[in-house]
Amino acid sequence: MSVMFLMATMGLYLVGTAFFLAYLLRRSEALSKVAIGVTAIGFLSHTAALLTRMTEAGHVPFTSFDEAMSFFSWALVLVFLVVELRHRIHVLGSFILPLALLSLLSAAALPKAVPTLEPVLRTVWLHVALSMLGTVGFAVAFVAGIMYLIQDGLLKSKRFNVLYTKLPPLDFLDHLNQQSILLGFPLLTLGIITGAISAEFARGSYLNWNPEQTWALVTWVFYFIVLMGRITVGWRAKRAAYLTIIGFAGVILTFIGVVVKGHGPIA
Amino acid sequence: MDIIVVGLSHKTAPVEVREKLAVPDSRLGEALCRLCAYPGVKEGVLLSTCNRVEVYAVVDQVEAGYARVQEFLADTHLSLSSEQLTPHLYWYTGDRAIGHLFRVAASLDSMVVGEAQILGQLKDAYEVALAHKASGVILNKLVKKAISVAKRVRTETRIAEMAVSVSYAAVELAKKIFSNLGEKTVLLVGAGEMAKLAAQHLIRNGVRRVMITTRDSHSAIELAKRFNGVPVPFDEFQRELSEADIVLCSTGAAHYIIRSEEVQRAVRQRMNRPIFLIDISVPRNIDPAVKDIDNAFLFDIDDLEMRVEQNREERRREAGKAERLIEQEVDVILQWLKSLEVTPTILALRRRAEEIKHAELEKSMSRLGHLSPEERTAVEGLASAIVNKLLHGSLVTLKTEADSAGGSLFVEAARRFFNLDDAPAADPVTDPDRSVKPVPVAGYSDPEQESPEPAQQKDS
């Protein structure tokens with residue numbers, strides 16, 4: 001059942017992505033309506049997939065890496081829909097939905113075995129959920145950063161093309177960047193703390209410097225510096241955009257670290 | 001009965017001709033009365049603006065109508081003869097006349113495509129025609145439709161959306177950098193016309209804080225009053241640069257008055273918040289090197305003009321969409337006009353009566369039980385007689401009045417009285433209440449409306 005919903009979701013996100021990319025290049029506003037509609041339906045299907053998976057597995061479904069990625073993708077689409085509802089910036093979907101689709105596809109590419117957890121590890125889901133939500137914040141900041149650099153470049157080179165007309169104002173993008181990090185950072189912090197506690201339960205040590213933990217800490221320190229830089233010395237606008245793009249690369253490396261370490265229960 | 005338009009516009013006539021023909025508002029009513037006094041002219045609307053003078057009329061015969069209206073136009077100015085006007089005029093009838101009116105209303109025929117003024121002017125012209133009873137059923141419907149078409153074009157295409165003036169292009173650009181102009185500060189350097197205009201547009205779009213500096217401190221104070229802003233001494237304004245989110249520069253100076261280092265410093269003081277600089281002066285007053293500074297966005301007059309030109313092109317593209325929309329709407333009006341013609345109306349009326357008669361007869365026959373063929377014929381004859389007697393008067397009136405001044409009014413009235421344009425609402429045979437009603441007015445399908453052509457052939 002959950003697999004069926006997941007397949008449907010992937011199909012819908014694929015169609016949504018296609019429409020969003022077409023919207024990026026065409027002057028038609030109707031394209032965005034279709035794209036948003038398809039994405040919203042996809043989101044419902046995705047929610048159904050997560051819920052059915054939960055009942056099938058008998059626990060909260062973020063215990064394996066593929067489940068975590070699916071949850072990440074779900075939360076990313078949720079954030080997009082919320083921002084879309086509030087600000088009506090359709091073009092955000094052209095950047096976020098491909099990312100959501102990619103993470104869902106990568107989740108699907110990984111083995112699907114529902115892992116059986118030792119009872120003591122059941123609390124791990126909280127660590128995964130928090131880390132993933134924090135990552136969603138960084139992903140949105142990353143997208144806002146890319147959009148910022150594009151719009152900045154278009155304004156600087158005075159190329160007033162279709163993309164220019166569709167991208168939101170620079171300060172909106174900078175603000176979105178800031179808010180996403182402000183939300184993502186505390187969530188990641190909590191994620192790391194709960195992760196360390198779980199590790200203590202599982203292995204008797206809070207930290208054992210595996211690639212996942214190392215990169216998570218590096219990422220945390222990096223975003224801490226980015227946030228502080230913004231507040232104290234004005235690392236905003238273009239610089240913030242660059243930094244958040246680099247930061248997200250760190251996040252992706254963390255993900256790869258998890259995969260290298262071996263998928264399955266995260267702890 | 002035909003719709004015609006005769007007129008001239010900025011596309012066909014130079015201003016020397018247009019100004020002679022233009023009818024001032026105060027004399028519009030009198031001119032309309034004169035127009036409608038011409039034989040064969042049944043309805044008229046006169047649209048007179050600085051870019052066009054057009055007469056829309058409903059006439060008996062197209063060619064004669066053209067001649068009458070041209071005469072009328074020539075009569076508005078003594079020094080013009082009808083022949084002199086000919087090279088500047090255009091004449092349209094039927095769908096082309098309707099399409100022209102729609103295009104004018106939607107501002108597709110305007111000098112600046114997409115400008116909104118023409119719609120108001122058309123509304124005014126219509127009001128005057130209404131007040132002087134110069135317009136009738138057809139032109140009333142037509143002008144109302146033109147106004148709604150214009151609104152549809154405005155909402156469904158982006159024809160009126162884009163900035164087509166240099167000063168407004170500055171606002172458009174500002175909105176791509178700042179999402180909320182309400183909390184931004186504008187620094188106006190110099191008192192150039194274009195910069196003042198741009199400042200005005202920015203204020204209208206939400207900007208509340210304005211700082212003004214001019215070399216002559218007197219005019220800065222003057223301008224500050226006008227824009228409800230703060231005057232800043234000219235030799236100190238560079239220090240205020242970091243306060244400004246938007247800098248509008250247009251002075252007569254022959255050198256750079258805002259240098260790269262100053263902007264650099266301002267950006268640093270602003271903690272990298274973007275600053276938007278517009279240099280509308282020639283020669284330029286802001287060092288072009290500013291464009292290389294991160295988070296400073298400099299645009300000069302050429303950049304703005306390029307943007308305006310792009311938008312003009314975009315409007316032309318949108319105009320194509322509008323044209324297609326107008327074609328659809330012209331078809332709608334043509335359908336309606338067709339329904340106003342007297343022959344199809346008479347046919348529809350007969351058909352409707354025939355249907356009622358049939359349905360009622362059938363119902364009664366089944367109730368009366370067995371009738372002899374003679375009795376049957378008698379009942380049928382009675383029904384036919386009543387229907388025919390009732391209709392006869394109406395039909396004769398319709399035929400005779402069709403060619404009179406109020407002809408279309410009669411036809412429209414007949415169609416409404418007998419519900420000839422109604423869609424079928426209920427099945428007449430299965431409706432149980434039907435027999436109670438003295439005259440069932442609704443509930444009959446009207447083949448006339450769905451396919452006028454075949455119905456005509458069948459009946460004639």
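Two strands count as paired when DSSP finds at least two bridges between them. With that in hand, open the predicted model and start in chain B.

**Stop 1: the parallel sheet of chain B**

Select strand E5 and strand E6 (residues 209-213) of chain B; the two pair in the parallel sense over five bridges. A good pair to label here is Val186(B) and Val210(B), since Val186(B) stands opposite Val210(B) in E6(B).

Now add the partner of E5(B) called strand E8 (residues 246-249) of chain B. Four bridges join E5 (residues 185-189) to E8(B), and the two run parallel. Label Val189(B) as well: its bridge partner in E8(B) is Cys249(B).

Is E5(B) enclosed or open to its surroundings? Four of its five residues are buried, so E5(B) is largely enclosed by the rest of the structure.

Widen the selection to the whole sheet. Six strands form an open sheet in the order E7-E6-E5-E8-E9-E10, with parallel pairing. Strand E7 (230-231) and strand E10 (296-300) of chain B are the edge strands, each pairing on one side only.

**Stop 2: between E9 and E10**

Stay in chain B and follow the loop from strand E9 (275-279) to E10, where you will find Pro283(B). A cis peptide bond joins Val282(B) to Pro283(B), with omega at about -5°.

Further along, Asn295(B) belongs to the loop between E9 and E10 too. What is notable about the phi of Asn295(B)? The angle is near 70°, a positive value in a residue other than glycine. Asn295(B) is buried, with 24 other C-beta atoms within 10 Å; the cut-off for calling a residue buried is 20 or more.

**Stop 3: the nonpolar cores**

Next, select Leu248(B) and Leu277(B). These are the residues with the most contacts inside the largest nonpolar core, which has 114 residues. Helix H5 (residues 124-157) of chain A gives the most to this core, with 18 residues.

Centre the view on Leu248(B). Leaving aside neighbours within four places in sequence, Leu248(B) is in contact with Val186(B), Leu188(B), Val189(B), Ala195(B), Ala198(B), Ala199(B) and Ile278(B). You may recognise Val186(B) from the pairing of E5(B) with E6(B), and Val189(B) from the bridge to Cys249(B).

Apart from the largest core lies another one, of 58 residues, including Leu21(B), Val55(B), Tyr66(B) and Leu142(B). As background, nonpolar side chains tend to be buried together in soluble globular proteins.

**Stop 4: the antiparallel sheet of chain B**

Val55(B) is a handy starting point for the next sheet: Leu46(B) stands opposite Val55(B) in E3(B). E2(B) and strand E3 (residues 52-59) of chain B pair in the antiparallel sense over seven bridges.

Select the rest of this sheet. Four strands make up an open, antiparallel sheet in the order E2-E3-E1-E4 of chain B. Strand E2 (41-48) and strand E4 (90-93) stand at the edges with a single partner strand each, so one side of each is left without a neighbour in the sheet. From one strand to the next, the twist averages 15°.

Then show helix H7 (residues 137-156) of chain B. This helix lies across strand E1 (2-9), E2 and E3 of chain B, running at about 30° to E2(B).

**Stop 5: where the chains meet**

Bring chain A into view. Here 16 residues of chain B are in contact with 14 residues of chain A. On the chain B side, helix H8 (166-177) and helix H13 (301-340) each supply at least two residues. That side has five nonpolar, four polar and seven charged residues.

**Stop 6: chain A**

Hide chain B. What does chain A contain in the way of helices and strands? There are nine helices and zero strands. Of its 267 residues, 46% count as buried.

Select helix H1 (residues 2-25) of chain A. Its 24 residues should span 34 Å at 1.5 Å a residue, and the end C-alpha atoms are 35 Å apart, which agrees. Buried residues of H1(A) include Leu6(A), Met10(A), Tyr13(A), Phe20(A) and Tyr23(A). To see what the buried residues pack against, add helix H2 (30-57) and helix H4 (91-109) of chain A.

Finish at Ala237(A), in helix H9 (residues 237-261) of chain A. Its phi is near 50°, a positive value in a residue other than glycine. Ala237(A) is buried, with 24 other C-beta atoms within 10 Å.

How values were computed. Residues numbered from 1 in each chain as written. Chains lettered and ligands numbered in written order. Predicted model: local features only at pLDDT ≥ 70, side-chain atom pairs only at ≥ 80, totals over all residues. Axes fitted to C-alpha atoms, helices over the stretch in contact; angles between N-to-C directions. Contact = placed C-beta atoms within 7 Å. Core = buried A, V, L, I, M, F, W, Y, C linked by C-beta atoms within 7 Å. Buried ≥ 20, exposed ≤ 12 C-beta atoms within 10 Å, placed from the backbone. Nonpolar A, V, L, I, M, F, W, Y, C, P; charged D, E, K, R; others polar. Expected span 1.5 Å × (residues − 1).
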